[in-house]
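Visitor: I would like to go through this model with you. Could you begin with the terms?
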Amino acid sequence: MKIRNQFSWQSFQATPVIGIIRNLSSEIIEKIAPLCQKAGLATLEITMNTDDALQIIKSLSLQYPGLNIGAGTVLEMVDLKHALDAGASFIVTPVFNEEVITYCVRNEIPVFPGALTPTEIYKAWKLGASAVKVFPASQFGPSYLKELQGPLGQIKLLPTGGISLENIEPFFKAGAKGVGMGSTLFNKNFLLERDFERLYLHFEDVVSRVRSFSNTTEW
């Protein structure tokens with residue numbers, strides 16, 4: 001049976017963070033998913049190069065209909081179709097792939113394509129991207145995002161790559177509408193120690209900070 005829950009923009013806008021889950025075991029993911037939901041991190045991306053990614057997407061979609069469960073590292077149409085069959089409610093790509101973007105837009109599936117240059121970002125937006133993932137963001141910093149806002153201020157930008165509690169506020173102040181967070185969100189030390197209490201408190205800290213300076217962000 002194919003399950004695809006409706007993507008909740010309301011939940012995403014309440015905490016505009018995509019939690020990027022890459023190379024974590026199914027066992028760990030089963031532990032952290034309810035903590036994400038409890039903390040208010042409603043949007044989780046399972047990268048396609050994670051072991052058993054499709055099964056994880058399917059399982060989380062069934063268990064947590066209140067979460068936005070999507071697929072990341074979608075490179076080709078075959079990846080996209082597998083992800084959608086597994087139940088992904090949104091799609092994230094690390095690269096600009098016109099065919100993937102167009103398919104998602106045509107079928108009303110939220111899509112966050114990866115782009116870096118002004119040309120790539122503009123093309124992705126014109127094709128109908130929900131927001132454009134600026135990747136790798138940390139290599140250029142918030143100042144790059146601010147510069148993009150001059151000629152491309154109408155485009156919703158979602159910086160990803162190296163976003164942490166230390167730089168997340170400057171990115172929002174530079175014009176980000178949301179962010180993608182991976183290893184800095186799913187703290188490796190806490191996971192290695194199986195310290196899920198501290199991990200949950202970390203999630204709460206991220207949510208609290210993001211909401212404090214993104215509450216004026218309009219989508």
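Guide: Helices (H or I, at least four residues) and strands (E, at least two) are DSSP runs, numbered from the N terminus. This is a predicted model, in which local features need pLDDT of at least 70, side-chain atom pairs count only at pLDDT 80 or more, and totals for chains, interfaces and linings use all residues. Residues are numbered from 1 along each chain as its sequence is written, and side-chain values use heavy atoms, with hydrogens and water left out.

Visitor: Which residue follows α4, and what is the sign of its phi?
Guide: G87 comes after α4, and its phi is positive, near 115 degrees.

Visitor: And which residues of α4 are buried?
Guide: Helix α4 spans residues 77-86, and M77, D79, L80, A83, L84 and A86 are buried there; buried means under 20% relative accessible area with a 1.4 Å probe, protein chains only.

Visitor: What do they pack against?
Guide: The buried residues of α4 pack against two helices, α3 (53-63) and α5 (98-106), and against the strands β3 (68-72) and β4 (91-92).

Visitor: Turning to the whole chain, how many helices and strands are there?
Guide: The protein chain has ten helices and nine strands. Of its 219 residues, 53% count as buried.

Visitor: Why does the radius of gyration agree with a compact globule?
Guide: Because a compact globule of 219 residues would have a value near 17 Å, and the protein chain has 16 Å. The radius is taken over C-alpha atoms, and the globule rule is 2.2 Å times the number of residues to the power 0.38.

Visitor: What box do the C-alpha atoms fill?
Guide: Along the principal axes, the box is roughly 45 × 40 × 30 Å.

Notes: Buried means under 20% relative accessible area, exposed over 50%, partly exposed in between (1.4 Å probe, protein chains only). Contact means heavy atoms within 4.5 Å.
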